[in-house]
Amino acid sequence: AIEEQEMALQGRLSGHAAACVLVNMLARPALAAVHSAAAFSPSPAGVAGAGIARRQGWVQRGGAALRPAHSRVLSSVLLPRLAGGGGGARPMKTGVEPPADPSGDTLFGKIIRGEIPCDKVFEDDKVLAFKDINPQAPVHILVIPKRHISQLSLTKTELGEGPDVKELLGHLMLVAGDIGREHCPDGCRYVINDGKQGCQSVYHLHVHVLGGKQLGWTPA
């Protein structure tokens, strides 16, 4: 999951678990030929490391098993599960501590630079949108500014409040709205997590666009 990869990159996982995450993340980058029609059927077996449990299963197309699920996710980082009904793995119950240097590089910075692949939905000179690798709904898209902002609440501290910053944040919201309207015509939810208690895991501002089904309330 994105959270595990970010924690591994920032040294917050134990050695064995971090090695497993990073090796899988970098080893086999191409599964695009599979993902468009793939469905995921988890098995009860699991692989555990440093308290992180990963389900084992098979990516299937028309009932024919293609490859183990664990090689599907981490090796291509942001190719989504595309499980039809979404849902993904169990969401995090808490966020992670903010980095000591909020201006430091993140997983999303690497995605913006093209160092890590993603399943892109939209891109222009200001923002990038891509499908979440760990979807919590049938539609789960992340919209991020290309300019680094660690947290929404720190925008003024990090970038000031000039017209360029206001234009960037306004554009981010407009693009998120366009994506919601296109991918969730019956309605969706826009979520911005901020800080540890807000369950933020990657300290680069991002808007979650969630929909494709009737959502419940309340996320708190």
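Reader: In which loop is Gln 136 found?
Author: This is a predicted model, in which local features need pLDDT of at least 70 and side-chain atom pairs count only at pLDDT 80 or more, while totals for chains, interfaces and linings use all residues. Residues are numbered from 1 along each chain as its sequence is written, and side-chain values use heavy atoms, with hydrogens and water left out. Helices (H or I, at least four residues) and strands (E, at least two) are DSSP runs, numbered from the N terminus. On that basis, Gln 136 belongs to the loop between strand 5 (127–131) and strand 6 (139–145).

Reader: Which backbone oxygen does the side chain of Gln 136 reach?
Author: A polar contact is a pair of N or O atoms within 3.5 Å; within protein, one must be able to donate a hydrogen and the other to accept it, and residues adjacent in sequence count only if both atoms are side-chain atoms. The contact made by the Gln 136 side chain spans 2.9 Å, and the backbone oxygen belongs to Asn 134.

Reader: Is Gln 136 buried, exposed or partly exposed, and what is its relative accessible area?
Author: Buried means under 20% relative accessible area, exposed over 50%, and partly exposed in between (1.4 Å probe, protein chains only). Gln 136 is partly exposed because its relative accessible area is 24%.

Reader: How far apart are the C-alpha atoms of Gln 136 and His 208?
Author: Along the chain, Gln 136 and His 208 are 72 residues apart. In space, their C-alpha atoms are separated by 9.9 Å.

Reader: Why does the salt bridge of Lys 146 and Glu 123 tie together parts of the chain, and how many residues apart are they?
Author: A salt bridge is a side-chain nitrogen of Lys or Arg within 4 Å of a carboxyl oxygen of Asp or Glu, and the closest N and O atoms of Lys 146 and Glu 123 are 2.8 Å apart. Lys 146 lies in the loop between strand 6 and helix 6 (155–159), whereas Glu 123 is in strand 4 (residues 120–123), so the pair joins parts whose separation in sequence is 23 residues.

Reader: How many salt bridges does this rule give?
Author: One of them pairs Asp 125 with Lys 126, with the closest N and O atoms 3.6 Å apart; Asp 125 is exposed at 63%, while Lys 126 is partly exposed at 26%. Salt bridges also link Asp 105, Lys 110, Arg 113 and Glu 115 in a network. The count of salt bridges comes to 11.

Reader: Within helix 7, what separates Arg 181 and Asp 178?
Author: Arg 181 forms a salt bridge with Asp 178, the closest N and O atoms being 2.8 Å apart. Arg 181 is exposed, at 55% relative accessibility, and Asp 178 is partly exposed, at 39%. An α-helix has 3.6 residues a turn, so residues three or four places apart point the same way. Because Arg 181 and Asp 178 are 3 residues apart in helix 7, their separation is about one helical turn.

Reader: Within what arc do the buried residues of helix 7 fall?
Author: Helix 7 has 21 residues, and its span of 30 Å from first to last C-alpha is close to the 30 Å expected at 1.5 Å a residue, where the expectation is 1.5 Å times one less than the number of residues. Its buried residues are Val 165, Leu 168, Leu 172, Val 175, Ala 176, Ile 179 and Gly 180. The arc is that of the directions from the helix axis to the C-beta atoms. Seen down the axis, the buried residues line one face of helix 7, because they fall within an arc of 140°.

Reader: Which residues are exposed on the other side of helix 7?
Author: Met 173 in helix 7 (residues 163–183) is not among them, because its relative accessibility of 41% counts as partly exposed. On the other side of the helix, the exposed residues are Pro 163, Lys 166, Leu 174, Arg 181 and Glu 182.

Reader: What is the phi of Cys 199?
Author: Cys 199 is found in the loop between strand 7 (188–191) and strand 8. Cys 199 counts as partly exposed because its relative accessibility is 23%. Although Cys 199 is not a glycine, its phi is positive, at about 70°.

Reader: What is the omega of the cis peptide bond from Trp 217 to Thr 218?
Author: Thr 218 is found in the segment after strand 8 (207–211). The peptide bond leading to Thr 218 from Trp 217 is cis, with omega near 25°.
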